[in-house]
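This report covers the side-chain contacts, backbone features and surface of one model. Please read it alongside the coordinates.

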Amino acid sequence: AWDHGYTYSGHPACCAVALENIRILEEEGIVENAGKVLAPYFKAKLETFADHPLIGDVRSVGLMGGLEIVKNKATREAYDYEAHIGDHCSAEALKRGLAFRANGDTMSLMPPLVITTEQLDTVFDIAREALDATAKHFGVI
């Protein structure tokens with residue numbers, strides 16, 4: 001048998017960094033703040049997109065959210081794959097400074113646990129601008 005490992009596995013420097021990270025998470029209450037303050041705020045802001053002409057479904061868990069782009073809100077009919085509408089929306093957001101990931105026609109947002117509510121406001125402002133620009137490009141508005 002040939003035993004092997006990775007150069008960072010169990011390395012004292014990596015272990016020290018991991019322990020320091022855990023200390024910071026605990027002392028600054030980062031996980032608790034994300035669950036009690038940020039996640040409800042994130043969900044409420046995300047749900048404001050339900051009225052957007054391109055959005056057929058809004059969903060979130062904690063600080064992970066998805067906005068599903070549809071061609072027809074009533075039937076939830078999707079755009080043809082060849083339209084690459086999610087990619088278009090992602091590019092519009094990136095032009096404005098936001099990484100708004102397209103998973104097919106579902107736009108995903110997953111901010112870091114240390115984001116602030118003010119920064120979330122900026123994220124959602126840019127996301128709306130990107131969706132509006134996409135809707136204009138595709139002749140929806």
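A salt bridge is counted when a side-chain nitrogen of Lys or Arg lies within 4 Å of a carboxyl oxygen of Asp or Glu. E92 meets that criterion with R96, their closest N and O atoms being 2.8 Å apart. The model is a predicted one: local features need pLDDT of at least 70, side-chain atom pairs count only at pLDDT 80 or more, and totals for chains, interfaces and linings use all residues. Residues are numbered from 1 along each chain as its sequence is written, and side-chain values use heavy atoms, with hydrogens and water left out.

## Salt bridges

Side chains of opposite charge can pair when their charged atoms come close. Across the whole structure, the search finds 12 salt bridges. Three of them are listed here with their closest N to O distances.

| Pair | N to O distance |
|---|---|
| E92 and R96 | 2.8 Å |
| E92 and K95 | 3.4 Å |
| R76 and D57 | 3.9 Å |

Take E92 first. Its partner K95 shares helix α3 with it, 3 residues along, about one turn of the helix. Helices (H or I, at least four residues) and strands (E, at least two) are DSSP runs, numbered from the N terminus.

How do these side chains differ in exposure? The scale is relative accessible area: buried is under 20%, exposed is over 50%, and partly exposed is in between (1.4 Å probe, protein chains only). E92 counts as buried because its value is 10%. K95 is at 63%, so K95 is exposed. R96 has 31% and is therefore partly exposed.

Now R76 and D57. R76 sits in the loop between β2 and α3, while D57 is in strand β1, so their salt bridge ties together parts that are 19 residues apart in sequence. R76 is partly exposed, with a relative accessible area of 42%. D57 is also partly exposed, at 22%. The pair belongs to a wider network of salt bridges that links D57, R59, E68 and R76.

## Strands and backbone

Two strands pair if DSSP finds at least two bridges between them. β1 and β2 run antiparallel over 6 bridges. I55 stands opposite I69 in β2. The hairpin has 2 residues between its strands, and G62 in this hairpin takes a positive phi near 55°.

Which residues have a positive phi although they are not glycines? R76 is one of them, at about 60°. H84 is another, with a phi of about 50°. R76 lies in the loop between β2 and α3. H84 lies in the loop between β2 and α3 as well. H84 has a relative accessible area of 34%, so H84 is partly exposed.

## Aromatic contacts

A pair of aromatic rings is described by the distance of the centres and the angle of the planes. Here, rings of Phe, Tyr and Trp (its six-membered ring) pair if their centres lie within 6.5 Å; planes under 30 degrees apart count as stacked, over 60 as edge-to-face and the rest as tilted. The structure holds 3 such pairs.

F49 and F124 make a tilted pair, 5.9 Å centre to centre with 45° between the planes. The contact links distant parts of the chain: F49 is in the loop between α2 (30–47) and β1 (55–61), F124 is in helix α4, and they are 75 residues apart. Both F49 and F124 are buried.

Y79 and F138 pair edge-to-face, at 5.7 Å centre to centre and 70° between the planes. Y79 lies in the loop between β2 (64–69) and α3 (85–95) and F138 in the segment after α4, so this pair ties together parts that are 59 residues apart in sequence. Y79 is buried, with a relative accessible area of 12%. F138 is partly exposed, at 26%.

F49 has further contacts. F42, F49 and F124 form one aromatic cluster. R128 lies over the face of F49, 4.4 Å from the ring centre. The criterion is NZ of Lys or CZ of Arg within 6 Å of the ring centre and within 35 degrees of the ring normal.

## Surface patch

What do V31, L113 and V114 form on the surface? They make a nonpolar patch with about 260 Å² of accessible area together. Patches are made of residues with over 30% relative accessible area and no salt bridge: like charges are joined within 9 Å, nonpolar side chains (Val, Leu, Ile, Met, Phe, Trp, Tyr) within 5 Å. Accessible areas come from the Shrake-Rupley method with a 1.4 Å probe; for residues, only the protein chains shown count as cover. V114 is placed in the loop between β4 (106–109) and α4 (117–137). V114 counts as exposed because its relative accessibility is 55%.
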